[in-house]
Amino acid sequence: MNSLIVKALGFAAILIIATIVVVKQMHIDLSDPINAITIIGAIAIAVLTAGVSAKYISQMKSDTASGELADENWDGIGEYKNELPSGWAYAFLGTIVWALWYWTIGYPVDAFSQIGQWNEEVKTYNKKFEEVHKNADQATLQQMGESIFLVQCAPCHGVTGDGLSGKAQDLTKRMSKEQVLYVIKNGQNQLGYPMGAMPPGMASGEAAEKIATWIANGSKGTPPAEFAVCASCHGADGKGNNGMSPNLTEYDQPLVEHVLKQGKKGMIGRMPAFHGRFTPVQVKALATYINTLKDN
Amino acid sequence: MFHWLEKNPFLFSVGVFIVIAFAGLIEILPNFAEAARPVVGLKPYTVLELAGKEVYKKDNCIACHSQLIRPFKAETDRYGQYSLSGEYAYDRPFLWGSKRTGPDLHRVGNYRTTDWHENHMWDPTSVVPGSIMPAYKHMFTNKADIETAYAEAVTVKTVFNTPYGDDIKPGREAWEAYKPKVIEEAKKIAADMKNQDVKDAVNRGEVPEIVALIAYLNRLK
């Protein structure tokens, strides 16, 4: 047995023993098959390392250079004309194939896109949202409405919905007397209700005053006789004929929907449209929440 | 075959650089060129809006407000549709900002109105309790520099071919002829405002900074 093989076996033995020592010190449970396989793998690596080293050391000792020298030499150091190792050559051809695939299919079809990721995220979320809240109960809607209100509505209507002393509509009441008079005088055609435009000057003078006072006081009790002119569209009770025209007594869901969709310019100023910024469930939640503000 | 190349390391390096740079060019430049085109329907800023943009820059709104909505759900929920680079085609310079002490403003025109801005600039805490934004009352008295804004419009039209109409052209007479249009636009903004001094100033043919700024903010959508 030549001395190189002895040295290689000795090297392998040292590696194996070192591995076992470390394993023992770390108190690794070898009855666990994963650990056992890992140990066998470690031993195999040690043996292979020793074997491969021995092969190349022996080659270095016995090999002599041969072959055809290239024409150039650099300060006396020459280079043999060797064939490219076949592994490299195939890998090179492989990269060409991969480049063709990447150029025609990989990049154009499967490219990462931030917008695509956003689309997926929103789609997944919306689907889940609709499923979870398909039959949301009042408490959930109320809570959802409040959080939407605080983010989107409170900057103008105030956190309590009081309209910040006249800077926006006071949502704790339906309409002030001045507002009713303003609408009666100027008409209204912004909300897109099925009944259509309300012409200006439907009432005037004392009649308008009486109507305005009744609405501003919360539409309690029987309406004044003058309300008959309003009742043809807004209903005898002022509740808007089931969504055919605006409800004058409270913020019901059709009213919230229409205002969010169209925006509104009234006596106080302009409210921008929020069309498309809320899902139907969220609009319902907002309507639920806004309707409870008047009770506080 | 390529031994001559190996013998010329400098030439070889230049060759490698050119190959890699070319790959970079054909991957990067077409995207840039496409993204820099204005999105469909984008109009250049009016002169009044440009004056407002100058106010925005001058009072350093960019220090606390960004103008770039990233495509994340949390952002699009709060601020609206994510920003596209083509929307900034007429922004010279763009005002993306990199700090959000206050909210993003890229689509503020969608959910705030002239009334709100007027209240907010006069006294931010009157509409946003707890706001740390300072009041900008000086904007109600300072006059916006609409003349320079006009000059800017002329410049970008000449240098960058920004599509302004034929009535925007160099020269004092052209400006005198154009000025009534700016005042007309300012009057529309002032009509929605409550501050009497501002209304009076606009009727006198002056443009307070607040009017120009609101015109600019309303334009952001």
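Helices, of at least four residues, and strands, of at least two, are taken here as DSSP runs numbered from the N terminus. The exercises below work through a predicted model with ipTM 0.77 and pTM 0.76.

**Exercise 1. Describe the order of helices and strands in chain A, and decide whether chain A is spread out or compact by the globule rule.**

Step 1. Chain A contains eleven helices and two strands, and reading along the sequence gives the pattern α-α-α-α-α-α-α-α-α-α-β-β-α.

Step 2. For 296 residues the globule rule gives 19 Å, whereas the radius of gyration of chain A is 42 Å, well over that value, so chain A is more spread out than a compact globule.

Step 3. The C-alpha trace of chain A spans about 125 × 60 × 30 Å along its principal axes, and 19% of the 296 residues of chain A count as buried.

Step 4. The chain is divided into domain 1, residues 3-61, and domain 2, residues 136-293, and the C-alpha centres of these two domains of chain A lie 83 Å apart.

Step 5. Among the contacts in chain A with a separation of 6 or more, 56% join residues that are 24 or more positions apart.

**Exercise 2. Carry out the corresponding analysis for chain B, beginning with its helices and strands.**

Step 1. Chain B has ten helices and zero strands, and its pattern along the sequence is accordingly written α-α-α-α-α-α-α-α-α-α.

Step 2. With a radius of gyration of 23 Å, well over the 17 Å that the globule rule gives for 221 residues, chain B is more spread out than a compact globule.

Step 3. Taken along the principal axes, the box filled by the C-alpha atoms of chain B is roughly 85 × 50 × 30 Å, and 29% of the 221 residues of chain B count as buried.

Step 4. Of the contacts in chain B with a separation of 6 or more, 73% are between residues 24 or more positions apart.

Step 5. As to confidence, the mean pLDDT of chain B is 92, and 100% of the residues of chain B reach 70 or more.

**Exercise 3. Find which helices of chain B supply at least two residues of the largest nonpolar core, and examine the surroundings of B:Ala212.**

Step 1. The largest nonpolar core has 37 residues, of which B:Ala51, B:Val207, B:Val211 and B:Ala212 touch the most other members.

Step 2. At least two residues of this core come from each of the following helices of chain B: H3 (47-58), H7 (146-160), H8 (172-191), H9 (196-203) and H10 (209-219). The most is given by H10(B), which contributes eight residues.

Step 3. When its neighbours within four places in sequence are left aside, B:Ala212 is in contact with B:Leu48, B:Ala51, B:Gly52, B:Val55, B:Ala144 and B:Val207.

**Exercise 4. Which elements of chain A each supply at least two residues of the side that touches chain B, and what classes of residue does that side hold?**

Step 1. The contact between the chains involves 19 residues of chain A and 19 residues of chain B.

Step 2. On the chain A side, helix H4 (114-132), helix H5 (138-157) and strand E2 (270-271) each supply at least two residues, and the largest share, six residues, comes from H4(A).

Step 3. Sorted by class, the side of chain A that touches chain B consists of twelve nonpolar, two polar and five charged residues.

Terms used. Residues are numbered from 1 along each chain as its sequence is written. Chains are lettered from A and ligands numbered from 1 in the order in which they are written. This is a predicted model: local features need pLDDT of at least 70, side-chain atom pairs count only at pLDDT 80 or more; totals for chains, interfaces and linings use all residues. Domain bounds come from an automatic or database domain assignment. Two residues are in contact if their C-beta atoms, placed from the backbone, lie within 7 Å. Ala, Val, Leu, Ile, Met, Phe, Trp, Tyr, Cys and Pro count as nonpolar, Asp, Glu, Lys and Arg as charged, and the others, Gly among them, as polar. A nonpolar core is a set of buried Ala, Val, Leu, Ile, Met, Phe, Trp, Tyr and Cys residues joined through C-beta atoms within 7 Å. A residue is buried if 20 or more other C-beta atoms lie within 10 Å of its own, exposed if 12 or fewer, and partly exposed in between; C-beta atoms are placed from the backbone. The radius of gyration is taken over C-alpha atoms; the globule rule is 2.2 Å times the number of residues to the power 0.38. pLDDT is the predictor's confidence in each residue, from 0 to 100.
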